Amino acid sequence: MIKHFPGEKEGIIGLFEDIKGLGRDIRKYSEAGGKVDMSRFPQDFPVLFKTYSKTWGGFLDPWIKDPKLKGIISALWGYFGLPPSKLSCFYYAIPLMGYLSEGGYYPKGRSQAISQAFVKIIKAKGGQVELSTPVEKILVKDGAAYGVVTGKGRKITGRVIVSNANAHDTFYSLVEDRTALKDYLARLEKYSISLSSFQVFLGLKKDLVKSVGLKDSEVFFEPGYDPEAGYAHALAADVENGGVGLTVYDNIYEGYSPKGKNTLNLLVLQGYDHWKKYEEDYRKGNKAEYKKEKERMADILIEKAEKALLPGLREAIEVKEIGTPLTNWRYTRNYRGAIYGWDQTLDNSGPSRLPHKTPIKNLFLSGAWTSPGHGYGAVIPSGLECFAAIMKEWA
Ligand SMILES: Cc1cc2nc3c(=O)[nH]c(=O)nc-3n(C[C@H](O)[C@H](O)[C@H](O)COP(=O)(O)OP(=O)(O)OC[C@H]3O[C@@H](n4cnc5c(N)ncnc54)[C@H](O)[C@@H]3O)c2cc1C
């Protein structure tokens, strides 16, 4: 970056020193296990002290002046679903450092392999996993949760209930008696909900990636350098003017696709509001208008990818599957098809994020809608944190 923006050299060095310092301070703070002398906080945790109430944009501002460079450094904003002006600085700075120093990972066997690995452990420890079994009710008596009722009408009781379903459904549809939850629900109402996504999965009948010579595994194609504009396009489902993310699975590991073929994904973040008008019909199975709209959007993205990255793409398509925010809702039940739970704003990240413990005794939350947040790197620790919260209660 210094080579491309020599005038910003000092700022670039200062910014990355601050990011490293933030990482050090956070590690030190969590190792202190709550035993921190608050009167010495500014001296002991200098970077944390000066940045804890900053957005990522606020963190960048003192160091970087060129808006183009700001856009480049913030190019991964899509992983966190908010632009620099809204995103908590922790949620950008710490993962960015992780990506730069350790890289990113994709599981061999696809993300399904992670779920299978968990199932193996659960079963080996005497647990049970039931697929296609929605929970329809969380049973609560005298302010304490004691079981669930499944869609098949089965009642299962337990000493604690952990809901990994989204927080909205947990409290607005699974828990029936909400009289004692007034303040808690008022708090939830204040949180904004993350974006959803629109994706096109493509199977190509030939190895186009090799013939074009594309070497990367993930490319974000953006029409400009302004993440705030990118966010506005995503929110408005404006695929015409926005960018597109391309994942090239065959460049992640060899043998991903059948020999001589390719598997690709085109993805954009997307607001749910655009799809709201199709919701009722979609739920009833009347999908004609909805299908027209998803095909229209997919077409635009395919054209963008073809022009910018993969000439000959349209001709090479053998299989096409399109996923919309409504598809996300259908398969994960996440409220408004949200892919990252609540937004990671300053008001709702770090220590302010919705905790695992809920006002209903013995009912805990795990996953993207609670602490620390979304993404595999956060939801797996979320399960561990939740377990620790339960153990603390039992102790
Ligand atoms: C297109 C896309 C790309 C992504 N890419 C990445 C990436 O590259 N890296 C990354 O780290 N993260 C990525 N994410 C985000 C990541 O997938 C989520 O943050 C993560 O899966 C959230 O995990 P979770 O356990 O909180 O919830 P979920 O994965 O949503 O799991 C919740 C589960 O609960 C089930 N459920 C809901 N309601 C009920 C009910 N009433 N009864 C029974 N079961 C119920 C759902 O069916 C679902 O299986 C991506 C997300 C999307 C949509």
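Trainee: What makes D142 stand out in the turn of the hairpin formed by β1 and β2?

Mentor: D142 has a positive phi of about 50°, and the hairpin has 2 residues between its strands. This is a predicted model, in which local features need pLDDT of at least 70, side-chain atom pairs count only at pLDDT 80 or more, and totals for chains, interfaces and linings use all residues. Residues are numbered from 1 along each chain as its sequence is written.

Trainee: How do you know that β1 and β2 pair?

Mentor: Strands are DSSP runs of E with at least two residues, and helices are runs of H or I with at least four, numbered from the N terminus. Two strands pair if DSSP finds at least two bridges between them. Strand β1 (residues 135-141) and strand β2 (residues 144-150) are joined by 6 bridges and run antiparallel, so the criterion is met. One of the bridges links V140 to A145 in β2, and K137 stands opposite V149 in β2.

Trainee: What makes β2 and β3 a pair?

Mentor: There are 3 bridges between β2 and strand β3 (residues 155-157), in the antiparallel sense, against the required minimum of at least two. V149 has K155 in β3 as its bridge partner. This hairpin has 4 residues between the strands, and G153 takes a positive phi near 85°.

Trainee: Why do β1 and β3 count as edge strands?

Mentor: The sheet is open, with 3 strands in the order β1-β2-β3 and antiparallel pairing. β1 and β3 each have a single partner strand, so one side of each is left without a neighbour in the sheet. Neighbouring strands are turned by 30° against each other on average, direction ignored; the axes are lines fitted to C-alpha atoms.

Trainee: Why is P6 called exposed?

Mentor: A residue is exposed if 12 or fewer other C-beta atoms lie within 10 Å of its own, buried if 20 or more do, and partly exposed in between, with C-beta atoms placed from the backbone. P6 has 9 such atoms within 10 Å, so it is exposed. P6 lies in the segment before α1 (9-31).

Trainee: Which residues of helix α8 are buried?

Mentor: In α8 (residues 167-174) they are A167, H168, T170, F171 and L174. They pack against β1, β4 (161-163), α9 (182-190) and β10 (363-365), where contact means C-beta atoms, placed from the backbone, within 7 Å.

Trainee: Why is the ligand said to lie between domain 2 and domain 3?

Mentor: Domain 2 (126-191 + 354-394) and domain 3 (196-336) both give residues to the shell around the ligand, so the ligand lies between them. The bounds come from an automatic or database domain assignment. The shell has 21 residues, and the closest are A165, G367, A368, H374 and G375; a residue is near the ligand if its C-beta atom, placed from the backbone, lies within 6 Å of it. α16 gives the most, with 3 residues.

Trainee: How many residues of the shell around the ligand are nonpolar, polar and charged?

Mentor: The shell divides into 9 nonpolar, 10 polar and 2 charged residues. Ala, Val, Leu, Ile, Met, Phe, Trp, Tyr, Cys and Pro count as nonpolar, Asp, Glu, Lys and Arg as charged, and the others, Gly among them, as polar.

Definitions and conventions: Axes fitted to C-alpha atoms, helices over the stretch in contact; angles between N-to-C directions. Contact = placed C-beta atoms within 7 Å.
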